[in-house]
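Student: I'd like a close look at one piece of this model, with the overall layout first. Could you walk me through it?

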Amino acid sequence: MGHLKQRNLITATERLRDQVAHALRAALISGELRPGQVYSAPGLAEDFGVSATPVREAMLDLAREGLVEPVRNKGFRVTEVNERDLDQYTEIRTLIEVPTVGRITRTAAREELEALRPVAEEIVRAARDHDLIGYLEADRQFHLALLALSGNERLVETVGDLRKRSRLYGLDALDERGELIHSAEEHLELLDVMLTGDAEAAEACMTRHLGHVRSLWAKDAGEQA
């Protein structure tokens, strides 16, 4: 108990389980819930002012995303992401996303790419507004919608899983340093390059974007060391 700031979770439009999961993701991003720490559903439920059942259900949802892991008779431990994990996630994403972006640049219709511009703009807007949950959602939507233009659903699922396991790392620190905005603007840059039809340049841009994100993570880790 006492781990989280008081939040008003009750609305008429969302299931309580979903609201709790959303609030838990916000707590992970803000650092209120720390990697390696174990939290009980009853203790978190007291923080939220709800019963333990929706909290437990929400934590199971996060466990399926790889963000927490169940600890028998204790609760849930927040998953720790180390440098080796981040290197491997980035390597796999690079192997998948870079050539896929090149292929999509060659085959996608202009209107299909332009349809992603509002989402890319929302990423930038969320970064400027320090809306980390909004940033994560828009960023996820952009990348997965872009990859979906390949027509390979399994590819999209694989990248989606990799993103879930790394997306929270250091985001609050990047926001505080103002570096999240530059990363956000790279989505518009990528889209503009793809619209020129230059597949090689699009692949280079995607490679830079993934490398930039990984270097920001490394900087954050170094400052925390």
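Student: In what order do the elements of the chain run from the N terminus on? After that, zoom in on helix 7 and helix 10: at what angle do they pack?

Tutor: Sure. Bear in mind that this is a predicted model, where local features need pLDDT of at least 70, side-chain atom pairs count only at pLDDT 80 or more, and totals for chains, interfaces and linings use all residues. Residues are numbered from 1 along each chain as its sequence is written, and side-chain values use heavy atoms, leaving out hydrogens and water.

From the N terminus on, you get α-β-α-α-β-β-α-α-α-α-α-α-α-α. That's 11 helices and 3 strands, taken as DSSP runs (helices H or I, at least four residues; strands E, at least two) numbered from the N terminus. Of the 225 residues in the chain, 49% are buried (under 20% relative accessible area, 1.4 Å probe, protein chains only).

Now your pair. Helix 7 (residues 132-148) and helix 10 (residues 180-195) pack at about 20 degrees, axes 12 Å apart; the axes are lines fitted to C-alpha atoms over the stretch in contact, with angles from 0 to 180 degrees between N-to-C directions. The two helices are therefore roughly parallel (under 35 degrees). From helix 7, the contact (heavy atoms within 4.5 Å) draws on Leu132, Tyr135, Asp139, Phe142, His143 and Leu146. Helix 10 answers with Leu180, Ser183, Ala184, His187, Leu190 and Met194. By class, the contact has 8 nonpolar, 3 polar and 1 charged residues, with Ala, Val, Leu, Ile, Met, Phe, Trp, Tyr, Cys and Pro as nonpolar, Asp, Glu, Lys and Arg as charged, and the others, Gly among them, as polar.

Terms used. Angles under 35 degrees count as roughly parallel, over 145 as roughly antiparallel, 65 to 115 as roughly perpendicular and the rest as oblique. Buried means under 20% relative accessible area, exposed over 50%, partly exposed in between (1.4 Å probe, protein chains only).
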